[in-house]
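Please read the sequence and the model side by side while following the paragraphs below, which move from an internal space to the strands around it and then outward.

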Amino acid sequence: MIVTRALPESIEGRMAQLFDTVANPTDTPMTAEALAAAMADCDVLVPTVTDRIDAALIDAAPDRLRLIANYGAGVGHIDLKAARERGITVTNTPGVLTEDTADMAMALILAVPRRLVEGDELVRAGGWTGWAPTSMRGHRIGGKKLGILGMGRIGQAVAMRARAFGLQIHYHNRHRLPQVLEAQLGATWHGDLDSMLEAADILTIHTPHTGSTGGLIDARRLDLLGPSGWLINTARGEIIDNEAMIAALAERRIAGAGLDVYVNEPAVDPRLLDLDNVVLLPHLGSATFEGREDMGVKVMANIRAWSDGHRPPDQVLDGWL
C-alpha cells in the first residue's frame, strides 16, 4: 500500500501496523510521473484530493493495482469510469466530514455579508478610528433566503445551522427530500435550479463535482443570483465557472463570495486577491484534528474489508459518474 501524502501520525502508525505501508514523510505532492510509479508498485493506493488520477494513469497501471482508497469524501480527482472499466475498486470517506464542512460553510455565510475579514484587516492595519454609525456596515442574515445546492448530508447540516440564524431554507437537489424532513428543516424544494437562484439571497454549494456539475454555476446563473446575492463554495471550485465568477464579483453583479475551494488548487487566481468582496480560505472544510483522524479510520476500514474479500463499506458506485 502506498500513501501519497503525510497523514496524522496516529493514522500512519496504525496503517504501518495493519498493512505493508509506504508513506510520504516529506508530504510533497506527487507529480503525474510519481503517481504512475506508485500505481505500478502497489495493490492499494491511498490518494488525496491533490492527486489527479486520470484515465491515462489508470490505463497505464498494471493489473496489480486493485483498490484506490481515497482519503477524502470527494472523488472528482479520480476518473471513476476508467477505474470501473479496469475493475479497480474506489472508496472514499463520507459522513465524517459533514459537521466540519457545515461549520465552515456557516462561518462563510456569516463572514461575507457581515464583512468580518475586512473588519479584522482594518484593526490589524491600524485604520480603525472608533465606532461610528455608518462605518463597516454589512447586511443582516436573519430573514434572508439561503439557497442550498445539493441537499445531502452536508447540505442538511448547513440547513440546520442556518435555520437557527433565522435564514429561510430553499434547496435544489436531484431528488426531493421526504416531507417530514423538509418540515424539520423548514426547507422549500425547487425542482429547477434557476428557480431557486431567483429566490435566493445567498447560494451555498454542497454538490459533488461530476461530469454534470462542472461549470454548473455559470454567468447566466450568477446573474440570476443578482447584485444583492452572495456565493459560498466549500464543495469544489470546478462547479463554478471561474471566469464568470470573477467577472461577476469585479463588476458587482453579485454582492460577494466566500470561497474555500478553487480551480487548479493550490493556485488561486490572482484576480481574486485584488477583490475586496471575497473571503478566501485555504481549503479548510475538513481541517479539524477530529475530522482528519476519522478520515484515516474510514480509509483503514475500507482497506481491511477489501483485503478480507468483502465489499468495502464506502465503495463509490456509479451514481458519482
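**Cavity, sheets and pocket**

Sorted by class, the residues lining the largest cavity comprise 6 nonpolar, 3 polar and no charged residues. The model in which this cavity is found is a predicted one. The structure holds 1 cavity of 30 Å³ or more, and the volume of the largest cavity is about 60 Å³. Its lining is made up of Asn 233, Gly 237, Ile 240, Asn 242, Met 245, Leu 259, Val 261, Tyr 262 and Val 263.

One of these lining residues, Asn 233, leads from the cavity into a set of paired strands, since Asn 233 in strand E9 stands opposite Ile 205. Strand E9 covers residues 230-233 and pairs with E8 in the parallel sense over 4 bridges. Between these two strands the chain passes from E8 through helix H10 (residues 219-225) to E9, in a β-α-β crossover that is right-handed.

Which residues cover the two faces of strand E8 (residues 202-205)? On one side lie Ile 202 and Thr 204, on the other Leu 203 and Ile 205, and all of them are buried, leaving both faces of the strand covered. E8 is also joined by 4 bridges to strand E5 (residues 145-149), and these two strands run parallel; within this pairing, Leu 146 stands opposite Ile 202.

Strand E5 is itself mostly covered, with 4 of its 5 residues buried. Besides its bridges to E8, E5 pairs in the parallel sense with strand E6 (residues 168-172) over 5 bridges, and here Leu 149 has His 172 of E6 as its bridge partner. The chain goes from E5 to E6 by way of helix H7 (residues 153-164), and this β-α-β crossover is right-handed.

A record gives a frame for this part of the chain: an unreviewed UniProt entry places the feature "domain: D-isomer specific 2-hydroxyacid dehydrogenase NAD-binding" at residues 106-285. Over residues 106-285 the chain is 36% helix and 16% strand, and the C-alpha atoms at the two ends are 11 Å apart.

Another sheet can be followed through strands E1 to E4. This open sheet of 4 strands has the order E1-E2-E3-E4, with parallel pairing. Strand E1 (2-3) and strand E4 (89-91) stand at the edges with a single partner strand each, and therefore one side of each is left without a neighbour in the sheet. Elsewhere in this order, strand E2 (residues 44-46) is joined by 2 bridges to strand E3 (residues 67-69), the two running parallel, and Val 44 stands opposite Leu 67 in E3.

The second largest pocket remains to be described. About 420 Å³ of space lies in this pocket, and 23 residues line it, of which Val 112, Arg 115, Glu 118, Asp 276 and Asn 277 lie nearest its centre. Which elements each supply at least two residues of this lining? They are helix H5 (98-114), helix H6 (116-124), helix H12 (270-273) and strand E11 (278-280), and the largest share, 4 residues, comes from H6. By class, the lining of the second largest pocket has 13 nonpolar, 4 polar and 6 charged residues, whereas the lining of the largest cavity has no charged residues.

Key
Residues are numbered from 1 along each chain as its sequence is written. This is a predicted model: local features need pLDDT of at least 70, side-chain atom pairs count only at pLDDT 80 or more; totals for chains, interfaces and linings use all residues. Side-chain values use heavy atoms; hydrogens and water are left out. UniProt positions are given in the numbering used here, feature names are shortened, and annotations may be inferred rather than shown by experiment. Buried means under 20% relative accessible area, exposed over 50%, partly exposed in between (1.4 Å probe, protein chains only). Two strands pair if DSSP finds at least two bridges between them. A crossover is right-handed if, with the strands pointing away from the viewer, the path from the first strand over the helix to the second runs clockwise. On a 1 Å grid over the protein atoms alone, a cavity is a set of points where a 1.4 Å probe fits but cannot get out, and a pocket is an open set with protein on both sides within 12 Å along at least five of seven lines; lining residues have an atom within 4 Å of a point. Grid points are joined across faces, edges and corners, and a volume is the space filled by probe spheres set on the points. Ala, Val, Leu, Ile, Met, Phe, Trp, Tyr, Cys and Pro count as nonpolar, Asp, Glu, Lys and Arg as charged, and the others, Gly among them, as polar.
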